[in-house]
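Trainee: I am new to this structure and should like to understand the terms used to describe it. May we take them up in turn?

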Amino acid sequence: MRTDARVLGATLKAGDTVDYALADGRYAYLVPSTGSVEINGIRLDTRDGAAIRDEKALRITAIEDAELVLVDTAP
């Protein structure tokens with residue numbers, strides 16, 4: 001598949017925080033496959049999805065142990 005996208009995964013322990021920078025004009029889609037997280041102040045639980053645009057940085061904090069999938073893509 002040829003596309004301008006990155007697919008990333010992460011495992012966070014409860015209380016861990018990670019930051020991810022999005023380049024100008026990029027979109028992201030984040031899903032916690034397990035656990036709960038807060039992303040830029042919004043709570044997501046297992047299998048919730050967040051479509052993200054117009055953000056330069058993502059701050060993701062695990063509320064409970066979590067596994068995440070993040071897709072960073074061009075519009």
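Mentor: Let us begin with the polar contact: a pair of N or O atoms within 3.5 Å; within protein, one must be able to donate a hydrogen and the other to accept it, and residues adjacent in sequence count only if both atoms are side-chain atoms. The side chains of Arg26 and Asp4 are joined by such a contact, at 2.9 Å. This is a predicted model, in which local features need pLDDT of at least 70 and side-chain atom pairs count only at pLDDT 80 or more, while totals for chains, interfaces and linings use all residues. Residues are numbered from 1 along each chain as its sequence is written, and side-chain values use heavy atoms, with hydrogens and water left out.

Trainee: What makes Arg26 and Asp4 a salt bridge?

Mentor: A salt bridge requires a side-chain nitrogen of Lys or Arg within 4 Å of a carboxyl oxygen of Asp or Glu. For Arg26 and Asp4 the N to O distance is 2.9 Å, so the pair meets the definition. Because Arg26 lies in the loop between E2 and E3 and Asp4 in the segment before strand E1 (5-12), the pair ties together parts that are 22 residues apart in sequence.

Trainee: Why is Arg26 called buried?

Mentor: Buried means under 20% relative accessible area, exposed over 50%, and partly exposed in between (1.4 Å probe, protein chains only). Arg26 has 13% relative accessibility and therefore counts as buried. Asp4, with 48%, is partly exposed.

Trainee: What makes Asp24 and Lys56 a salt bridge, and why are both called exposed?

Mentor: Their closest N and O atoms are 2.7 Å apart, which satisfies the distance criterion. The pair links distant parts of the chain, with Asp24 in the loop between E2 and E3 and Lys56 in the loop between E6 and E7, 32 residues apart. Asp24 counts as exposed at 64% relative accessibility, and Lys56 does so at 58%.

Trainee: How do you know that Asp54 and Arg53 form a salt bridge?

Mentor: The closest N and O atoms of Asp54 and Arg53 are 3.9 Å apart, so the pair qualifies under the definition. Asp54 is exposed at 70% relative accessibility, and Arg53 is exposed at 55%. Salt bridges that share partners also join Asp4, Arg26 and Asp72 into one network.

Trainee: What is the radius of gyration of the protein, and what is it compared with?

Mentor: The radius is taken over C-alpha atoms, and the globule rule is 2.2 Å times the number of residues to the power 0.38. For 75 residues, a compact globule would have a radius near 11 Å; the protein has 12 Å, which agrees.

How values were computed. Helix = DSSP H or I, 4+ residues; strand = E, 2+ residues; numbered from the N terminus.
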